[in-house]
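Q: I would like a close look at one enclosed space in this protein, and then at what surrounds it. Please start from the space itself and work outward.

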Amino acid sequence: MSHVQESARRHTAAQETAHRAPTKLLLGGQWRDGSRGLSIPVTDPATETVLARVASATPEDGLAAVEVADAAGKQWARWAPRRRAEVLRRAFELMSEQSEWLSRLIVAENGKALPDARSEIAYAAEFFRWYSEEAVRNLGTVTTSPNGSNRIVVLHQPIGVSLLVTPWNFPAAMATRKIAPALAAGCSVILKPASETPLTALAVGELLERAGVPAGVVNVLPAHHAGTFVSTVLADDRVRKLSFTGSTEVGRVLLREAAQYVVDCSMELGGNAPFVVFADADVEAAVEGAMVAKMRNGGQACTAANRFYVHADVVEEFTDRFCAAMGKLTVGSGLEEGVDVGPLINKAAKTSMREVVEAATDLGAGLAIGGDHPGPGYFYRPTVLADVPAGAGLLRGEIFGPVAPVVTFGDDDDVVSLANDTEYGLAAYVYTRDLARAMRVSEALDYGMVGINRGLVSDPAAPFGGVKQSGLGREGGHDGMLEFTESKYVSVDWDREGR
């Protein structure tokens, strides 16, 4: 089969999957076109062809969404916690029932391999289940003031209309990780998904309608001119929360804008995760963990291992085993069974991989395996760079693709300093058989999350987030729901009532 025929076959399969997804805005319980009739093309990264066109929201549509979300949110906040919980539980069940189609929809517009997409949907659905359980546990406190004059009653009340901005790399999970805790807390939301992957977000909106979320509580508005849309919505004084997942650069801009209106912010930003393998590590287990930490979603994840620091005593064995594992991965259209690595999200991402590899090899790094992949499609082979100099540029920023640089180290304190030498602080990974060392190093690493002998840290039941330039606040766990609440203190002197 020729490249042209293969591309056409892939495109047809992706189109058939995408055809079932909504393509209009979900605004106030209605599916409608944007006020200016604009649309956004959705491209299949495996074929570089347009799959569908979705309605594009304008700033005016955003303000209309604020209007309905404000009204609907007041009613939703008055629902009994158990009643909100039952809606979220139904959303979990519906998402689980539709998991295969939703997985294929993610692949069609995002490109990731089908096993990755299936894992994402399972993870995404779990946020609905977790927060269906948390909705009834929005616990306050009652204490006696130190001087005994009154009671201190603290309530956690819904923060209000929440603007949620999500990225393209996990279009289902990043949506549910924000929507579920907001709904559990009693908030209404406006979801602005990434323009590259709006179909999945719209499908999630449709699913929530079926689950029983009242009209106007969840609004899904893709917008091509995202900056103008978000700025306009943020400026409305009825919007009290911004939850953003994306790059640190964009996060800084949004924080400045939100500061003008004193809007509460949660920011899950960029990462530059170190993966540290000590001399006493189980090298086989470390390689297995490296494959998860690096190649989940083809390396296009904020938690992806970005820098591999391997002790000199085991660096040769680790690199050989790592290359062997990377070499076994099958690259191709994500919709095909047996494919391990799909395409990158767009042409710019593929170009970026070429540039970081060329820059590293120019500095003396060795291309141990991988490199460019011929078109069509935005593919790039899983790549390992050996003997990377500690000062190489690709170690400073987020690679966001299937390129793994290996750096040799010899001293524990030195590797902690190298790992911390970045403005980012989201996730880190440590492999060692020595528990005392693992805990000592974990405490010294300046990161919000650390995986010890694990290549995966994400869990709906755990607080997810970073430090430094990697963000503010936490998603997941009980913390995730508290991000959508305000603490109210009520001073009560009930000993004096009736006197």
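How much space lies in the second largest cavity? Which residues line the second largest cavity, and how do they divide by class?

A: The model is predicted, and every value below is computed from it. About 50 Å³ of space lies in the second largest cavity. One part of its lining is the run Asn110, Gly111, Lys112 and Ala113, with Asp116 a little further along the chain. Asn297, Gly298 and Gln300 also line this cavity, as do Asp340, Val341, Gly342 and Pro343. By class, the lining has 6 polar residues, 3 nonpolar and 3 charged.

Asp116 and Asn297 lead on to an open space. The second largest pocket has a volume of about 370 Å³. Its lining counts 16 residues, and those closest to its centre are Asp116, Met291, Met295, Arg296 and Asn297. Helix 5 (114-134) and helix 10 (283-295) are the elements that each give two or more residues to this lining. Helix 5 supplies the largest share, 5 residues. Here the classes are 9 nonpolar, 2 polar and 5 charged. Asp116 and Asn297 thus appear in the lining of the second largest cavity and also among the residues closest to the centre of the second largest pocket.

Arg296 leads to another enclosed space. The structure holds 4 cavities of 30 Å³ or more, and the largest of the cavities has a volume of about 60 Å³. Arg296 lines the largest cavity together with Val292, Ala293 and Lys294. The rest of that lining consists of Ala301, Thr303, Ala304, Tyr429, Gly455, Leu456, Val457 and Ser458. Helix 10 gives the most to this lining, with 3 residues. The lining divides into 7 nonpolar, 3 polar and 2 charged residues.

Helix 10 also packs against another helix. Its axis and that of helix 11 (residues 315-327) come within 10 Å and cross at roughly 50 degrees. The two helices are therefore oblique to each other, and their crossing is right-handed. Helix 10 makes the contact through Val283, Glu284, Ala286, Val287, Ala290, Met291 and Met295. Helix 11 meets these residues with Glu317, Phe318, Arg321, Phe322, Ala325 and Met326. The residues of this contact are 10 nonpolar and 3 charged, with no polar ones. Met291 and Met295, named here in the contact, are also among the residues closest to the centre of the second largest pocket.

The largest pocket draws on other elements. About 870 Å³ of space lies in the largest pocket. Of its 46 lining residues, Pro167, Trp168, Thr245, Gly246 and Ser247 are the closest to its centre. Two or more lining residues come from each of helix 6 (173-185), helix 8 (226-234), strand 10 (239-245), helix 9 (248-261) and helix 12 (347-362). Helix 9 accounts for the largest share, 6 residues. This lining divides into 24 nonpolar, 14 polar and 8 charged residues.

Conventions:
Residues are numbered from 1 along each chain as its sequence is written. This is a predicted model: local features need pLDDT of at least 70, side-chain atom pairs count only at pLDDT 80 or more; totals for chains, interfaces and linings use all residues. Side-chain values use heavy atoms; hydrogens and water are left out. On a 1 Å grid over the protein atoms alone, a cavity is a set of points where a 1.4 Å probe fits but cannot get out, and a pocket is an open set with protein on both sides within 12 Å along at least five of seven lines; lining residues have an atom within 4 Å of a point. Grid points are joined across faces, edges and corners, and a volume is the space filled by probe spheres set on the points. Helices (H or I, at least four residues) and strands (E, at least two) are DSSP runs, numbered from the N terminus. Ala, Val, Leu, Ile, Met, Phe, Trp, Tyr, Cys and Pro count as nonpolar, Asp, Glu, Lys and Arg as charged, and the others, Gly among them, as polar. Axes are lines fitted to C-alpha atoms, for helices over the stretch in contact, and angles run from 0 to 180 degrees between N-to-C directions. Angles under 35 degrees count as roughly parallel, over 145 as roughly antiparallel, 65 to 115 as roughly perpendicular and the rest as oblique. A crossing is left-handed if the near helix is turned anticlockwise from the far one by less than a right angle, and right-handed if clockwise. Contact means heavy atoms within 4.5 Å.
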